[in-house]
Amino acid sequence: MTSQTTIDTTGSGDKASAAPSDLPPAQGLRGHPWFTLITVAVGVMMVALDGTIVAIANPAIQKDLGATFAQVQWITNGYFLALAVSLITAGKLGDRFGHRQTFLIGVVGFAAASGAIGLSDSIALVVTFRVLQGLFGALLMPAALGLLRATFPAEKLNMAIGIWGMVIGASTAGGPILGGVLVEHVSWQSVFFINVPVGLVALVLGVLILLDHRAENAPRSFDLLGIALLSAAMFCLVWALIKAPTWGWGDGKTWAFVIGSVLLFAAFALWETKVAEPLIPLALFRSVPLSAGVVLMVLMAIAFMGGLFFVTFYLQNVHGMKPIDAGLHLLPLTGMMIVGSPLAGALITRLGPRIPLAGGMAATAIAMYGMSTLQTDTGSAAMSLWFALLGLGLAPVMVGATEVIVGNAPMELSGVAGGLQQAAMQIGGSLGTAVLGAVMASKVDSDLPSNWTAAGLPELTPAQLDQASEAVQVGVAPVTPETPAEVAAKITDVAHDTFISGMSLASLVAAGVAVVAVFVALLTKRGANAEAGAGVGHI
């Protein structure tokens with residue numbers, strides 16, 4: 001049956017008729033909304049899990065393959081770069097060829113690349129296959145959202161996105177725990193091999209359950225120059241953010257890539273006004289709610305990813321926890337996201353996104369302020385309180401901002417909208433890590449010399465001070481084996497106190513970002529085009 005509706009591509013109130021193409025009614029499992037949700041959740045779980053699980057395996061990979069620190073960094077950077085650069089283009093591929101096909105290709109490619117990493121015997125092969133993982137992950141993520149958008153009716157879409165967000169949150173936060181268990185008790189290769197059976201399950205479910213949905217006026221051509229310009233702009237931006245901690249924010253190379261990114265984005269925007277079928281119709285951004293949703297996703301990721309980046313160092317290097325223990329201490333955050341995401345979906349369906357989104361970012365701001373009060377001797381109960389509040393605040397934002405972006409885009413651009421949502425999160429996370437990392441570095445560089453002198457420790461040369469500062473920025477005390485115990489204790493106290501002061505300032509900045517996001521959330525509203533999907537299926 002065909003679901004005929006009207007959609008507003010601009011948010012201005014001008015309507016244009018569009019509908020999904022004619023499809024037969026769902027028979028049994030095929031096209032069933034809730035089974036579709038289970039299927040895409042299994043696939044998305046692989047990508048979300050891989051974002052954090054691999055960090056635990058990096059030290060073992062470095063030791064086993066004899067890699068340098070810079071080479072190991074590329075295990076993460078190569079994956080992230082490929083994912084961030086190709087997400088929007090991958091979403092367009094789904095709009096053009098169907099989200100079922102791109103999802104299945106993404107699942108197969110991601111699982112195959114994971115298996116290849118486990119069989120690799122050199123760091124070059126590991127990095128190469130990690131880049132491939134990122135490319136296939138980019139195919140999979142927007143396609144999952146496109147399938148949900150096309151399968152669920154408007155009154156059920158928020159709940160579906162809530163469960164989808166729950167899976168992403170739980171997988172992201174659970175990565176360090178699972179990774180610690182696998183690396184400690186099996187091998188680093190098992191971190192990647194685990195994706196093979198998960199991918200096979202997602203493939204079988206996808207073949208049996210997923211129904212191909214295509215909008216009647218889906219794109220029929222490719223904006224190749226637009227793809228090239230956008231990919232180059234995204235690459236320059238993400239590359240600058242990746243290299244800024246090494247080069248420095250004042251370095252000419254950093255600013256060359258930032259300026260290059262701005263110029264390429266400008267060229268892309270100009271070209272999109274001239275091409276017949278643009279990669280991203282700029283009329284999308286006339287929708288204030290959609291634009292606010294994209295900005296909100298960036299701000300949320302800055303506060304969340306940037307703030308959480310230092311918490312892992314705090315737990316492991318200041319409190320001396322093992323990776324598994326650190327992951328367990330983050331369970332309140334994971335648990336509240338698991339519980340809160342479906343509830344947030346129901347709440348957003350009832351009230352609309354504005355109040356839950358603003359409330360969620362307010363809770364996130366309070367949680368980040370609370371995390372700025374953590375000390376070297378803070379107990380687990382106090383930490384759990386702030387982690388739980390952070391999870392409770394993030395849940396409605398993950399759900400609501402996603403619905404605002406995807407629901408305010410026309411059906412034929414649901415893949416591009418999904419790509420925008422994911423790209424906003426990736427860029428926000430990178431911005432958070434880079435900017436808050438710069439705040440941390442500046443605070444440590446400022447406080448360490450005076451704290452060192454006040455403790456009565458021997459004076460350091462400029463080179464020694466630079467080395468000590470780099471260690472303190474991640475909570476490590478620059479103590480050598482031959483250092484006397486009494487001196488080592490003083491150095492450890494200075495290092496941890498200085499790290500805490502830097503983390504506190506970074507958390508306050510993250511709280512300020514979350515406060516700004518509260519006001520952005522007030523510009524959102526329910527997706528005007530959510531009802532364009534769900535032409536078929538059993539609810």
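This is a conversation about how a few labels attached to this predicted model follow from their definitions.

Reader: Before we start, what should I know about the numbering and the values?
Author: Residues are numbered from 1 along each chain as its sequence is written, and side-chain values use heavy atoms, with hydrogens and water left out. This is a predicted model, and local features need pLDDT of at least 70, side-chain atom pairs count only at pLDDT 80 or more, and totals for chains, interfaces and linings use all residues.

Reader: Happy with that. How many helices and strands does the protein have?
Author: There are 17 helices and two strands. Helices (H or I, at least four residues) and strands (E, at least two) are DSSP runs, numbered from the N terminus.

Reader: What makes a residue buried or exposed?
Author: Buried means under 20% relative accessible area, exposed means over 50%, and partly exposed is in between (1.4 Å probe, protein chains only). Of the 539 residues of the protein, 57% count as buried.

Reader: Why is Gly66 called exposed?
Author: Its relative accessible area is 60%, and the label asks for over 50%, so Gly66 is exposed. Gly66 sits in the loop between helix 1 (33-65) and helix 2. From Gly66 to Ser122 the C-alpha distance is 8.6 Å, although 56 residues separate them in sequence.

Reader: And why is Ser190 called buried?
Author: Ser190 has a relative accessible area of 9%, set against a limit of under 20%, so Ser190 is buried. Ser190 belongs to helix 6 (residues 189-193). Ile117 is 73 residues away in sequence, with 10.0 Å between the two C-alpha atoms.

Reader: What makes Trp74 partly exposed?
Author: Trp74 has a relative accessible area of 26%, and partly exposed covers what is between 20% and 50%, so the label fits. Trp74 is part of helix 2 (residues 69-97).

Reader: Which residues does Trp74 contact?
Author: Contact means heavy atoms within 4.5 Å. Leaving aside neighbours within four places in sequence, Trp74 is in contact with Tyr79, Leu81, Val127 and Trp239.

Reader: How do you know that helix 3 spans what its residue count suggests?
Author: The expected span is 1.5 Å times one less than the number of residues. For the 21 residues of helix 3 (residues 99-119) that gives 30 Å, and the end C-alpha atoms are 30 Å apart, so the two agree. Helix 3 is also largely enclosed by the rest of the structure, because 16 of its 21 residues are buried.

Reader: What does that check say for helix 14?
Author: The 28 residues of helix 14 (residues 380-407) should span 40 Å, and the end C-alpha atoms are 40 Å apart, which agrees. With 20 of its 28 residues buried, helix 14 is largely enclosed by the rest of the structure.

Reader: What makes Lys443 and Asp447 a salt bridge?
Author: A salt bridge is a side-chain nitrogen of Lys or Arg within 4 Å of a carboxyl oxygen of Asp or Glu. The closest N and O atoms of Lys443 and Asp447 are 3.3 Å apart, so the pair meets the cut-off of within 4 Å. Because they are four residues apart in helix 15 (residues 414-454), about one helical turn separates them. Lys443 is partly exposed at 27% relative accessibility, whereas Asp447 is buried at 15%.

Reader: How many salt bridges does the structure hold?
Author: The structure holds two. Asp251 and Lys253 form a salt bridge, and their closest N and O atoms are 3.3 Å apart. Asp251 is partly exposed at 23%, and Lys253 is partly exposed at 41%.

Reader: How do you know that Glu272 has no salt bridge?
Author: The nearest side chain of opposite charge, Lys92, is 6.9 Å away, and the definition requires within 4 Å, so Glu272 is left without a salt bridge. Here Lys and Arg count as positive and Asp and Glu as negative, while His and the chain ends are not counted. Glu272 is buried and is found in helix 9 (residues 252-272). Not counting residues up to four places away in sequence, Glu272 touches Asp223, Gly226, Pro278, Leu279, Ile280 and Leu282.
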